[in-house]
Amino acid sequence: MEYNYPTLQEVITAITSRNQPVQLVKNYDELSDAELGRIDWDNSVAELKYDGVYCAIMNTSDCGIVVLSRSGNRFYFQEEVLRELLADSLVMSRPLEQCVGHSVLIAELINTDMSLEGLSGLVNTNRTTPWTDVECMTMVQSGCFMYHDCIPSKFFMEGRDSASYRIRRKQLEYIARDSNIVQFFKVSDEEQWLGFSDEVIDANWEGAVLKQLNAPWVAGPKSINAVKRVRGVHLDLRCTGW
C-alpha cells in the first residue's frame with residue numbers, strides 16, 4: 001500500500017502531541033556512571049556540532065516541502081530560496097520533491113555571513129514580512145543545510161524509528177551531497193572522544209556530538225544515543241556597587 005504524504009496539520013498534530021517532538025541531545029557531563037557504562041565504544045562515532053538552526057525538512061501533501069523547528073512549528077522561508085538551498089545540497093537525479101521523498105531530513109541551517117541570532121530571526125516561525133533582496137541573496141550565497149539524520153516521515157510522526165543510526169546514515173548518503181552531510185569520526189574510547197571534542201572546541205566549533213551507531217531514533221527523553229560537549233561561556237564580572 002502506497003504511503004501518501006501527510007498534511008502539514010497532521011504532522012504538527014502528531015509531533016506536538018508528545019512531550020518532546022524530536023530526539024534531544026544530552027550533555028556528556030550530565031551522564032551518570034551507569035549511563036557512561038552503557039556507551040558502546042565499539043560502535044561510537046563523533047560528529048562536528050554546527051552552531052546553526054535545527055531543521056526537520058519533509059514533504060507534505062498540501063504545502064509541499066516544509067521546514068519545521070525543534071518544537072514542531074513551521075519556519076519561514078521564501079519558497080524560491082528554500083528550493084535553491086535544497087537543490088544545492090541534495091543529489092539532484094530526480095525532481096526536488098522526489099529527492100526528499102518520504103524522508104524527514106534532519107539538518108542544521110547555517111549561514112557564514114550571519115550571526116545565529118540574525119539567522120534565527122530570518123526564519124522565525126512567527127515571521128510574516130518577506131525577505132529583502134539582500135536577505136535572499138545572503139541566504140542563497142552563504143546559507144546551507146548540513147544534514148545529520150534521516151527518518152521516514154511515518155516513523156517521525158510516530159516518534160520512533162527502530163532502524164539504527166548506521167542504517168539511517170546510509171539512507172542519508174543516497175539523498176544528500178557528501179559535502180552537505182556532517183562528517184563523523186570513529187572514536188574507540190572515552191579518551192579519544194574527549195580529545196576530539198576538545199580539539200574541535202579549541203578550533204572554534206560549537207562542539208561535538210557522540211552517537212551510537214546501533215541506536216534507534218527516539219523522540220523524547222535525552223539518552224546516551226546522542227550526547228554532546230559544547231564550548232562554555234566564560235564571563236568576567238566586576239561588582240560596581242550595592
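Which residue in β9 does Glu47 stand opposite? In this predicted model, the partner of Glu47 is Val209. A good place to begin the tour is the strand pairing around this position.

Strand β2 spans residues 44-49, and strand β9 covers residues 207-212. The two run antiparallel and are joined by 6 bridges. A further partner of β2 is strand β8, made of residues 184-186. Here, too, the pairing is antiparallel, this time over 3 bridges. Glu47 takes part in this picture as well, since Phe184 in β8 stands opposite Glu47. Glu47 can thus be found facing Val209 in β9 and Phe184 in β8. As for its surroundings, β2 is mostly covered, with 6 of its 6 residues buried. A reader following the strand in the structure may keep a general rule in mind: side chains in a regular strand alternate between the two faces of the sheet.

The open spaces come next. The largest pocket has a volume of about 470 Å³. It is lined by 24 residues, and those closest to its centre are Val25, Lys49, Tyr54, Arg70 and Glu108. Strands β2 and β9 appear again here, for they are among the elements that give two or more residues to this lining. The others are β5 (103-111), β6 (143-152) and β11 (226-230). Sorted by class, the lining of the largest pocket holds 12 nonpolar, 3 polar and 9 charged residues.

The second largest pocket contains about 260 Å³ of space. Of its 15 lining residues, Tyr50, Asp51, Gly52, Ile110 and Asn111 are the closest to the centre. At least two lining residues come from β5, and at least two come from α5 (116-122). The lining of this second largest pocket divides into 6 nonpolar, 5 polar and 4 charged residues.

What about enclosed space? A search of the whole structure turns up 1 cavity of 30 Å³ or more. The largest cavity has a volume of about 60 Å³. Its lining is made up of Gln23, Asp149, Tyr165, Arg168, Lys211, Gln212, Ala215, Pro216, Asn225 and Ala226. Helix α8 (165-175) and strand β9 each contribute at least two of these residues. By class, 4 of the lining residues are nonpolar, 3 are polar and 3 are charged.

Strand β9 links these parts of the description: it pairs with β2 through 6 bridges, gives two or more residues to the lining of the largest pocket, and supplies at least two residues to the lining of the largest cavity.

Definitions and conventions
Residues numbered from 1 in each chain as written. Predicted model: local features only at pLDDT ≥ 70, side-chain atom pairs only at ≥ 80, totals over all residues. Heavy atoms only, no water. Buried < 20%, exposed > 50% of the residue type's maximum accessible area, 1.4 Å probe, protein only. Helix = DSSP H or I, 4+ residues; strand = E, 2+ residues; numbered from the N terminus. Pairing = 2+ DSSP bridges. 1 Å grid on protein atoms, 1.4 Å probe; cavity = no way out; pocket = protein on both sides within 12 Å on 5 of 7 lines; lining within 4 Å. Points joined across faces, edges and corners; volume = space filled by probe spheres on them. Nonpolar A, V, L, I, M, F, W, Y, C, P; charged D, E, K, R; others polar.
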